[in-house]
Amino acid sequence: MTDDTRLLAGRYRLGDLIGRGGMSNVYMGRDERLGRQVAIKLLRSQLAGDPIFRTRFRQEAQAASRMAHPTIVRVFDAGEERIAEPGGFEGVVPFIVMEYVDGRLLKDVIKSDGPLDVAEAIRITEGILTALEYSHRAGVVHRDIKPGNVMITHGGQVKVMDFGIARAISDSSATVAQTTAILGTAQYFSPEQARGESVDARTDLYSTGIVLFEMLTGRPPFSGDTPVAVAYQHVSEAPVAPSTLNPLVSPAVDQVVLHSLAKDRFARFQSSAEFRADLEVAASGRIPSKRVPVDDFQSSLFGAPPSLAAGSESPLTQLAGDDQYAVRTQSRPPVLWIWAGIASVAVILVAIVFWVLSLQPSDQLPAASREVPTVTGQTFEDAQSTLQQLDLVTARFEVYSDTVPKGQVVDTNPAAGTIVSPQTVITVNVSQGRKSVPVPSVQGLSSTDAAAQITQAGFKVGQITKENSASAPADTVIRTDPAGTTDGYAGDTINLVVSSGLVTVPDVTGQPIDAAQSTLSGLSLAVKVEQDMGCDAVTGNPVSGQSIAPGDAAQGSEITLRYCGRR
């Protein structure tokens, strides 16, 4: 950027880059009008090209700016600016002006310090919960609570970032299937996010439990090679107690963490206040009382008997035969009425079963849903046109591919066949072709070490051919095919030519002794000469015989040359 373009909206001066994220870059900044230091977040150019996304992003950033709380990083302003980047992008990019927090990201604290002190982990978690309690009362679900969105100031204050920014992608009923290209980190997903269900405040509480687990143990409870594998664990696998990884964690804290990570959202904490209250009890060394989830649907549908609702002893009082419950207030209904009621219920059930069985399956989607089409192999322009016809938003990303030609679509995220809502952002991965990789230079290495380097560079080891050499020790690489430092592609086969430890001895009989001796010495042979007394002196002193016949010989072998004449 030039000096002119580093001033946004005529008042915000861009400074040094201080952070990178999947959606944006964060710069140090200064509000020239108010003379205060700020942080400025610029949306990445791949997402900035869509006008619908820019509008939604700006609106939600402005909504987030109205959230004012000491534990929440304030959003001061939002807007758009035309920017030219060194990579060739030039266009309108949304930006957000935020409160500058002088501190460290929680993820960096965990990475450098390892498991935190239990009391400190609880204190930080209480700060996160305080921020969530405020936002949830305001009707805002964060959806992306993780250590990378929590700042710890140098004074120890907790600051949660990016409130409301998640809503720039979709509305409050967003699912992970709709926003997986941009939002969230699989390690901090709730089970309902992983299943593609709607989210609510309890989703944030689950993610907070994941963050607490990571602070106590130094790692998240679930990990895997792919986001899908991690999401599966959130849905189907129970986390271990933090104390199994950190013996300093008490059973009381174990119970709070595992309660927050319940798969069923009705079985975990129902509010930030509940979560924080149990944390305070656990911090004092006491075991929090277990909370029994209430089946609101059942109680509202059927009603709870007053005697049961009054307390745990009421049913026992009735069973004990208290007189006031033993007196009948009305006579038993006639038996005919009972059988008539049973018959009516049976008829209704049969009618319902018949109606369900008579329903015809439909493959038509609701008007408010879209199925992501298959655009693999198309150009980006064709894929974009197809998606836009379905009222879907596209974001282009360049990826390497060994199978898809350059310029064609590799896949999409969400994948083809996924059901999404209109205006969902679909990431279109476009092939850059195969990624070229320099062939490693392994000349002079042993064949074992050379093969290891070639494999590590992403290539395959092909044929290993032995060749005589006067200079390369046995089992060392003489050359490769293709040659080292030339460009190849991951998965290509590299052939090795390895020294056999032998030299090829030529036939030097008849050559002048001086020339023959020079030739054999150049082959790293130990040459000795002696006069052949069985022949007459001849001009040039030709070689009359050699102790090693022409052919292969070990490197450094001793060879004796006999010659005719005097020297």
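Which residues form a nonpolar patch on the surface? Select V345, I348, L349 and I352: together these residues make up the patch, with about 370 Å² of accessible area. Keep in mind while looking that this is a predicted model. To place the patch in its secondary structure, extend the selection from I348 to helix α15, residues 335-358, in which I348 lies.

Next, select helix α4, residues 118-137, together with helix α10, residues 272-283. Their axes come within 9 Å and cross at roughly 160°. Angles over 145 degrees count as roughly antiparallel, so α4 is roughly antiparallel to α10. The crossing of α4 past α10 is left-handed. To see the contact, show side chains on both helices. On the α4 side, display I122, T125, E126, L129, T130, L132, E133 and H136. These meet S272, A273, F275, R276, L279, E280 and A283 in α10.

Keep α4 on screen, hide α10, and add helix α7, residues 201-217. The axes of α4 and α7 come within 10 Å, with a crossing angle of roughly 165°. At that angle α4 and α7 are therefore roughly antiparallel to each other. Here α4 passes α7 in a right-handed crossing, whereas its crossing with α10 is left-handed. From α4, the contact with α7 uses V118, A121, I124, T125, I128, L129, L132 and H136. From α7, select A201, D204, L205, T208, V211, L212, M215 and L216.

Finally, bring α10 back and select T125, L129, L132 and H136 in α4. These residues are among those that meet α10, and they also take part in the contact with α7.

Note on methods: Residues numbered from 1 in each chain as written. Predicted model: local features only at pLDDT ≥ 70, side-chain atom pairs only at ≥ 80, totals over all residues. Heavy atoms only, no water. Patch = residues over 30% accessible without salt bridge, like charges linked within 9 Å, V, L, I, M, F, W, Y side chains within 5 Å. Areas by Shrake-Rupley, 256 points an atom, 1.4 Å probe, with all protein chains shown as cover. Salt bridge = Lys/Arg side-chain N within 4 Å of Asp/Glu carboxyl O. Helix = DSSP H or I, 4+ residues; strand = E, 2+ residues; numbered from the N terminus. Axes fitted to C-alpha atoms, helices over the stretch in contact; angles between N-to-C directions. Parallel < 35°, antiparallel > 145°, perpendicular 65-115°, else oblique. Left-handed = near helix turned anticlockwise from the far one by under 90°. Contact = heavy atoms within 4.5 Å.
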